[in-house]
Amino acid sequence: MKPATREIRAGASRPFSWPRLDAARCRAKHPRMRSIDADTCRALPAPPPLAGDEVHVWVEDTGEARPRAVRDAARALLERLLRGYAGTAVVPAIASGERGKPFVPSLPWLDFNLSHAGSLVALAFARNQPLGIDIEPLERRIGVDGIAARFFGARETAALGRVEASLRQAAFLRLWTHKEAVLKALGDGLGFGLDRIEFELKDDGRIERLLDVGAEAGQPVEWQLRSFEPKTGVVGCVAWRGGPRSLQHLRLS
């Protein structure tokens with residue numbers, strides 16, 4: 001995977017396999033929304049030191065087409081990066097939390113999350129900061145209106161309906177990555193409710209700001225969301241509840 005980014009802020013049933021379309025770069029107007037160019041990815045042989053005010057976003061193209069092969073490659077990449085952050089030759093043991101979110105018991109200070117789409121894998125790491133990452137390919141076709149009506153809030157569904165038809169799937173997928181990133185940061189998954197995380201959309205499909213999250217997820221102003229494009233035709237988002245941090249876009253050399 002390879003990035004380009006932006007920031008914003010932040011319920012349902014079972015997960016789906018999501019779509020693809022074409023990403024339009026937009027400038028965020030809300031102070032907590034930013035875009036970052038993925039072409040500035042640094043190639044490194046191993047993870048650099050992870051500062052307390054940073055988020056490391058690693059993007060790799062596995063070159064694999066089969067989903068199982070992509071998952072295996074993602075696991076191998078995660079293990080290599082964990083060895084680097086731990087400073088050991090042995091892969092630290094990975095455990096799962098109550099709701100299935102993975103963590104490393106021997107590295108209590110390290111939070112991480114992973115997503116993959118097509119052959120791409122994206123991983124986000126932070127120090128003492130739960131976070132979520134999601135990427136989606138834009139070329140897959142889906143029933144936007146039906147899915148939005150079923151899982152999104154009424155205002156979001158109406159806003160998507162006002163977006164020009166040729167831009168609607170891209171707008172939907174950007175919105176989906178933001179919601180999914182927030183859910184993954186919370187560690188609750190889709191069961192939290194996609195409709196409880198509500199964003200304001202402009203008529204051209206741009207995400208303007210986070211309007212609402214469930215009470216247990218804090219206030220919208222507490223959330224940081226950064227959208228990015230791992231490569232042309234793929235959109236993504238990184239989310240966390242906390243103060244601003246610098247995103248470092250990286251890939252292994």
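Here is a short chat about helix packing and aromatic rings in a predicted model.

Visitor: What should I know about the numbering and the cut-offs?
Guide: Residues are numbered from 1 along each chain as its sequence is written, and side-chain values use heavy atoms, with hydrogens and water left out. As the model is predicted, local features need pLDDT of at least 70, totals for chains, interfaces and linings use all residues, and side-chain atom pairs count only at pLDDT 80 or more.

Visitor: Which residues of helix 4 meet helix 2?
Guide: Contact here means heavy atoms within 4.5 Å, and helices are DSSP runs (H or I, at least four residues), numbered from the N terminus. On the helix 2 side you'll find Val144, Asp145, Ile147 and Ala148. Their partners in helix 4 are Arg168, Gln169 and Phe172.

Visitor: How is the pair of phenylalanine 152 and phenylalanine 172 classed?
Guide: Rings of Phe, Tyr and Trp (its six-membered ring) pair if their centres lie within 6.5 Å; planes under 30 degrees apart are stacked, over 60 edge-to-face, the rest tilted. These two sit 5.3 Å centre to centre with 20° between the planes, so the pair counts as stacked.

Visitor: Are phenylalanine 152 and phenylalanine 172 buried or exposed?
Guide: Phenylalanine 152 is in the loop between helix 2 and helix 3 (154–162), while phenylalanine 172 is in helix 4, 20 residues apart. With buried meaning under 20% relative accessible area, exposed over 50% and partly exposed in between (1.4 Å probe, protein chains only), both rings' residues come out buried.

Visitor: Where does lysine 179 lie?
Guide: A charge sits over a ring if NZ of Lys or CZ of Arg is within 6 Å of the ring centre and within 35 degrees of the ring normal. Lysine 179, at 4.6 Å from the ring centre, lies over the face of phenylalanine 152.

How values were computed. Helix = DSSP H or I, 4+ residues; strand = E, 2+ residues; numbered from the N terminus.
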